[in-house]
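Biologist: I'm new to this one. Could you walk me through it and tell me how the labels are earned?

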Amino acid sequence: MSDLTPNPSPAVRPFSSEEPAVTAPVFRPPISPEDQTLFFPNAEGTPPAEPPVRIPHLGHAALFLAIAGLFLLLIQLLLLGFNHPPIGVRGATAGISPKFLVGSEALSYLATLAAAWFIFPLFWKRAFAEGIQANPDAARRNALRLIPIGIILSLAVQAISSLISLPKNIPIDDFFRTPSDVWLVAAFGTLLAPLFEEILFRGFLLPAFAIAYDWLSLPRTPAAHEQWRSNNKLTRPSLVFSAVLTSILFAALHGQQTAFTWPVLALLFCVSLVLSYVRIHLRSVMASTLIHVSYNATIFVFAFIVTGGFRHLDKIAH
């Protein structure tokens, strides 16, 4: 990044053609516009008087995770105080019912999202939905394409998974013992879990890792630092790196459910890459959430049909 020259041409958004480009002059490094993308909504319309900001960064992501962990711990301790579950050979959670685990997780998700809705605008000076680039309009306009993507992706993963040998007993089986448990898991996995996971992985971690990548690769020169402060663009290599890293973490999050069966984790990794691509391409967390919802809903609809309305759960035993 040697000489920086003013470029009065409109800023380029290679991942979107639906919104007007920025017409104000900006400073750019001498690299191809195709290698850049405006990832954040700050550059919409007339540039703000204040310097552009890069959000959410790693500090914001760490705070969101800390809030979620704290709420989960407090809620589980509170509920454990009422239930007093027996301690089995596998540890303190061996005798805890699926309803307790799913219920406490759902409450912690709701509490975290509610707290984040009020806390992060104080740091960002903008609404929470704008900060994570929720962009529900993009999801609505593309719904007829996004929903089929989720359905096809889910059917493909289920078909491939049926060919994979799983251990005899895996933790996810504990949530498919009774019809009431399955109904609860289906509601949680279709309505709340996809929203929370997309906000975490595609709303916070994806931009945070990309920002960190660009910062670490930035030349330590005054001109480079001035360029960093003058815009909020993310390079394509940073987005590719972040998509891969967040997909690894996404698969690892679900690893315990399948006893870390590596072929299944590889499939989940690929699913996450698709979600990340859509989120970047449409610049919309709600777009990837819509795919995630339709993906999970397809799994439970298929299970509902196979088991006769969740009455014959032995038919879905692996």
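**How the labels are earned**

Modeller: Start at P56, which sits in the loop between β3 (36-37) and α1 (58-83). Keep in mind that this model is predicted.

Biologist: What makes β3 (36-37) a strand?

Modeller: A strand is a DSSP run of type E with at least two residues. β3 covers 36-37, so it meets that minimum.

Biologist: And what joins I55 and P56?

Modeller: A cis peptide bond, with omega at about -10 degrees.

Biologist: Why is K125 called exposed?

Modeller: Exposed means over 50% relative accessible area, and K125 has 70%, so the label fits. You'll find K125 in the loop between α2 (98-124) and α3 (128-131). K125 also has a positive phi of about 60 degrees, although it isn't a glycine.

Biologist: Which phi does N135 have, and where is N135 found?

Modeller: Its phi is positive too, about 45 degrees, and again N135 is not a glycine. Look for N135 in the loop between α3 and α4 (136-141).

Biologist: How many helices and strands does the chain have?

Modeller: There are 10 helices and four strands. From the N terminus, the order is β-β-β-α-α-α-α-α-α-α-β-α-α-α.

Biologist: How much of the chain counts as buried?

Modeller: Of its 318 residues, 43% are buried, meaning under 20% relative accessible area.

Biologist: And what share of the exposed area do carbon and sulfur atoms supply?

Modeller: They supply 71% of the roughly stated total, about 16,300 Å².

Note on methods:
Residues are numbered from 1 along each chain as its sequence is written. This is a predicted model: local features need pLDDT of at least 70, side-chain atom pairs count only at pLDDT 80 or more; totals for chains, interfaces and linings use all residues. Side-chain values use heavy atoms; hydrogens and water are left out. Buried means under 20% relative accessible area, exposed over 50%, partly exposed in between (1.4 Å probe, protein chains only). Accessible areas come from the Shrake-Rupley method with a 1.4 Å probe; for residues, only the protein chains shown count as cover.
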